[in-house]
Amino acid sequence: MEQTVLKGIFFCDVDGTLLPYGNKSLSTELMELIHQITKEGYLVCISSGRPYLALLELFWEVRDEVAFSCCNGSALFYKEKPLADEVFLQRSVVEGMYDDCLARGCQAIIATSKRIYLSPRKETSSGKKHYVGKPYAQSIESLAEVAQEAHQITICCNENLGETLSYFKDTWADKVHIAVSGHAMFDLSASNKGIALKRVASCFSLPLDRTFAFGDSENDLSMLRLAGKAFVMESSCEALRNEIPDHCQDVGETIRSIVFS
């Protein structure tokens with residue numbers, strides 16, 4: 001990878017942070033801001049639980065300017081090439097978690113670098129709606145149809161989130177990283193956003209005190225705790241706002257104050 005000298009990296013969550021809940025596309029103001037701060041010597045790293053193909057589609061206009069930390073840091077990309085080695089879940093672990101998911105009437109979204117696989121379910125979950133009709137998404141009847149190694153399984157449970165999450169933490173916490181990532185859903189990942197923040201900063205030889213993180217959910221906590229400066233969205237839950245002292249209403253406005261002040 002060509003070495004790039006940076007002044008700082010902004011690690012930004014997507015849903016609820018850069019992309020307000022309910023919105024399907026990013027604002028033109030955000031795209032323009034990314035153009036501007038890239039010219040100033042800063043990098044934006046999109047740090048999300050979403051898989052790479054979904055993020056690439058969302059950030060297509062600036063795909064060669066931003067880095068991507070996908071599946072909660074399990075896969076890192078920059079200029080459409082891997083920034084570091086990908087991290088995968090063990091196949092036996094995937095099989096066990098998938099069976100547990102179906103046994104509890106939930107839906108699994110399995111993320112790989114090549115495709116996104118959607119398990120069967122009578123009622124379409126809110127998580128699955130992101131991917132229905134996408135060319136990179138495939139509905140499956142059996143896990144045997146998933147040929148690639150998986151970075152992450154997202155468990156979508158329209159009800160009984162607390163009970164289901166508790167079971168998975170008791171059963172699988174020693175094998176995977178687990179965090180709530182949205183309404184009635186949580187991720188079982190091979191890495192987490194904090195580990196990814198350190199890996200990305202290392203790739204660009206940037207000290208951690210020149211990293212800035214923005215997030216709004218439990219799966220953002222690992223990067224918020226490690227970043228040189230962390231901001232939690234005002235819309236976040238009280239527990240997150242209590243732990244992270246600096247709050248943010250507008251990510252773009254906060255980034256501008258850092259870069260151009």
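The chain has 261 residues, and a compact globule with that many would have a radius of gyration near 18 Å. The chain has 18 Å, which agrees with the rule for a compact globule. Keep in mind that this is a predicted model. Along its principal axes, the C-alpha trace spans about 55 × 40 × 35 Å.

Now look inside. Buried residues make up 54% of the 261 residues. Contacts tell a related story. Take the contacts with a separation of 6 or more: 61% of them join residues 24 or more positions apart.

Next, the surface. The chain exposes about 11,900 Å². Carbon and sulfur atoms supply 48% of that area. Charges come next. There are 26 positive and 35 negative side chains. The centres of these two sets lie 3 Å apart.

What is the chain built from? Its secondary structure comes to eight helices and 14 strands. Eight strands form an open sheet with mixed pairing. Their order is S5-S4-S3-S2-S1-S12-S13-S14. The edges are strand S5 (81-82) and strand S14 (247-248), and each pairs on one side only. Strands of a sheet pair through backbone hydrogen bonds, either parallel or antiparallel.

Follow one pair in that sheet. Strand S1 covers residues 8-12, and strand S2 covers residues 42-47. In which sense do S1 and S2 pair, parallel or antiparallel? They pair in the parallel sense, over five bridges. Two positions show how they line up. Isoleucine 9 has leucine 43 in S2 as its bridge partner. Cysteine 12 stands opposite isoleucine 46 in S2.

Why is S2 described as largely enclosed by the rest of the structure? Six of its six residues are buried, so the rest of the structure largely encloses this strand. Both faces of S2 are covered. On one side sit Tyr42, Val44 and Ile46, and on the other sit Leu43, Cys45 and Ser47. All of these residues are buried.

Move on to strand S11, residues 185-189. Serine 189 lies in this strand. Is serine 189 buried or exposed? Its relative accessibility is 2%. Buried means under 20%, so serine 189 counts as buried. What does serine 189 touch, leaving aside its neighbours within four places in sequence? Serine 189 is in contact with Cys71, Asn72, Ser74, Leu89, His151, Gln152, Val176 and His177.

Just before S11 comes a loop, which links strand S10 (177-182) to S11. Alanine 184 lies in that loop. Its phi is positive, about 60°, although alanine 184 is not a glycine. Alanine 184 is buried, with a relative accessible area of 9%.

Asparagine 160 has a positive phi of about 60° too, although it is not a glycine. Where does asparagine 160 sit? Its place is in the loop between strand S9 (152-156) and helix H4 (161-172). Asparagine 160 is partly exposed, with a relative accessible area of 48%. Set the two loop residues side by side: alanine 184 is buried, whereas asparagine 160 is partly exposed.

Key: Residues are numbered from 1 along each chain as its sequence is written. This is a predicted model: local features need pLDDT of at least 70, side-chain atom pairs count only at pLDDT 80 or more; totals for chains, interfaces and linings use all residues. Side-chain values use heavy atoms; hydrogens and water are left out. Helices (H or I, at least four residues) and strands (E, at least two) are DSSP runs, numbered from the N terminus. Buried means under 20% relative accessible area, exposed over 50%, partly exposed in between (1.4 Å probe, protein chains only). Contact means heavy atoms within 4.5 Å. The radius of gyration is taken over C-alpha atoms; the globule rule is 2.2 Å times the number of residues to the power 0.38. Accessible areas come from the Shrake-Rupley method with a 1.4 Å probe; for residues, only the protein chains shown count as cover. Lys and Arg count as positive and Asp and Glu as negative; His and the chain ends are not counted. The place of a charge is taken as NZ of Lys, CZ of Arg, CG of Asp or CD of Glu. Two strands pair if DSSP finds at least two bridges between them.
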